[in-house]
Amino acid sequence: MNAVSAGAKGLRSQQADEIVPLSERVLVLMCFRFAAAITVGVLQVSLVPNAAVVAQWLVVVLYLLTTSLLSAPVLTARRGLALRTFGISLLVDGVFLQGERVFGTPVGLDIVIAAYLVAVCLLVSFRTGLKVALWHSLLVFMIRQAALIGSISHPSIEIKEQSEVIAYLGVLWLTVIATAQFASLNERELRRRRYDAESFRLFAVKLAGVERVNDVRELLLQFCHDELDVGRAAWISPAAQGYTLELGLGLDQQADTESGVFFSELLRSGSATAPPRVVYRLGSDDKWLASLFPEARRLIALPIAAVEGTEWVVLEHRGRGNRLERRVISSASQACVAAGLAASRTAILAQLRRAATTDGLTGVANRRTFDETVAKLRVTPAALPISLFLVDIDHFKSVNDVHGHQMGDVVLQSVAGLIDKSARPDDLVARYGGEEFVVILTNTTSAQAFEVAEGMRIKVHAQQEPLPVTISLGLAQADDAAGLDDLVARADAALYRAKEGGRNQVVVDVPARSFPATTVNLGEISSAL
């Protein structure tokens, strides 16, 4: 009883990772029970002299009815009860089969019992098969001992020698152990494949939420490290004359990875459709990879199709000897294919995002980005005070009229580049429309914003290529969210005064609470600031 109960517990521990539902396996086992019971009934009626036919078939029917009722709860949602009753049904199987063997005829029943134990190993689990075999062994010894002391007596009972019993059980156990070994290997392989599929699914789910290429690289290398027993790994990209390291995991910290482009014989002339390359020791002609993977063994180089060419992932497997499992190479190849698709997707999304947020001609932010930024600043008090200035290229219409619109586009690009380089890293430079640009500076006073604007004006004025041009700038500031409502209008008014005042200058709109309600050149009030 304890052995089979333990078998039921073994079933319970496996319920989380069942490959085939228990209900289906129990249904097949019930079909086997019906076939075995009918076979036993036919053998007993045919081979036992003066057999009580009605009584024999009544026992068979009673056995089938009992085991069916005990197995039926498996079809319900009450799994705990189902496992207990199913375990009891396995006990009933042993009592029926060993009882028929002792009180009937052993002819053919040994084969039926062996086949039954094989079926339990294959259909339930190899652990349960071993425990059921132990239950049958206990029954054999119990019946023999009871016969020896006279507790049970029957004309057909023949008390066998202990050596015969041991030989019978030896054959029985040999059959069960061989089947259990086969079943365990098969079950282990199936579960490993299921685990690999589940881990790969989770990896793919993580890739689906990634928006940066470098995050894709990190996920892939970490997946290989966690799931494929990889010790060291590197993501390598092609360069003009060789290769460069993009990301490494567990690499030698002393390796020279910052000095630019390197050559690798292992990765030379590879394509995205090339098969994985496996080497068990790097040659002396691949000094760069040898510096990344000192004393490396069992290296796998897998190509990845990227937007800008074939990239490579190099993995060092931590196995033993010179043997690499096909599973490791296959799983790593699938992961690299998924990572390559994710990296291409993120690169394309980044391009689309840049196209949606930047001006196609000048490369700075577009009007849509500017409007969205202003909307966010309205609910971001930490960004205050906010300074904004509008920039206009002086006499730009004459540039188009005299030199043509193509030269006008070149001038726009040149001025936009100078403005963008003169801005600080956290400043937003956007094309406002035509030849006008707008710059937003957060946490910046008027004096600080004037310094940035004046620096832009000076750089543009000093630039002589492709044409000498100048710019006018109108600056305004908001100290609170309410001030953002008319910030652009005040900056535009200041820009108008800069043009009226002779162009090529910065004019500041001074709020009434800080300065007189006039718009003046900041140079005239520098002492006040």
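This passage describes the nonpolar cores, a surface patch and the aromatic contacts of a predicted model.

The largest nonpolar core has 39 residues, and L29, F86, L97, Y116, L117 and L172 are those with the most contacts inside it. Six helices each supply at least two of its residues, namely α2 (22-47), α3 (53-71), α4 (79-103), α5 (109-123), α6 (126-148) and α7 (162-208). The largest share, 10 residues, comes from α5. Apart from this core lies another, of 30 residues, with F389, V415, F437 and V506 among them.

Turning to the surface, a nonpolar patch is formed by L134, L138 and M142, which together have about 270 Å² of accessible area. M142 is part of helix α6; its relative accessible area is 51%, and since the cut-off for exposed is over 50%, M142 counts as exposed.

Aromatic pairs are a good place to look next, and the structure holds 5 of them. In one, the ring centres of F203 and F223 are 4.6 Å apart with the planes at 25 degrees, so the pair is stacked. Because F203 belongs to helix α7 and F223 to helix α8 (residues 213-227), this pair ties together parts that are 20 residues apart in sequence. Both F203 and F223 are buried, and with F200 they form one aromatic cluster.

F370 and Y432 make an edge-to-face pair, at 5.6 Å centre to centre and 85 degrees between the planes. Here F370 lies in helix α11 (residues 367-377) and Y432 in strand β7 (residues 428-433), so the linked parts are 62 residues apart in sequence. F370 is buried, with a relative accessible area of 3%. The ring of Y432 has a further partner: the charged end of R367 sits over it, 4.0 Å from its centre.

How values were computed. Residues are numbered from 1 along each chain as its sequence is written. This is a predicted model: local features need pLDDT of at least 70, side-chain atom pairs count only at pLDDT 80 or more; totals for chains, interfaces and linings use all residues. Side-chain values use heavy atoms; hydrogens and water are left out. A nonpolar core is a set of buried Ala, Val, Leu, Ile, Met, Phe, Trp, Tyr and Cys residues joined through side-chain atoms within 4.5 Å. Buried means under 20% relative accessible area, exposed over 50%, partly exposed in between (1.4 Å probe, protein chains only). Helices (H or I, at least four residues) and strands (E, at least two) are DSSP runs, numbered from the N terminus. Patches are made of residues with over 30% relative accessible area and no salt bridge: like charges are joined within 9 Å, nonpolar side chains (Val, Leu, Ile, Met, Phe, Trp, Tyr) within 5 Å. Accessible areas come from the Shrake-Rupley method with a 1.4 Å probe; for residues, only the protein chains shown count as cover. A salt bridge is a side-chain nitrogen of Lys or Arg within 4 Å of a carboxyl oxygen of Asp or Glu. Rings of Phe, Tyr and Trp (its six-membered ring) pair if their centres lie within 6.5 Å; planes under 30 degrees apart count as stacked, over 60 as edge-to-face and the rest as tilted. A charge sits over a ring if NZ of Lys or CZ of Arg is within 6 Å of the ring centre and within 35 degrees of the ring normal.
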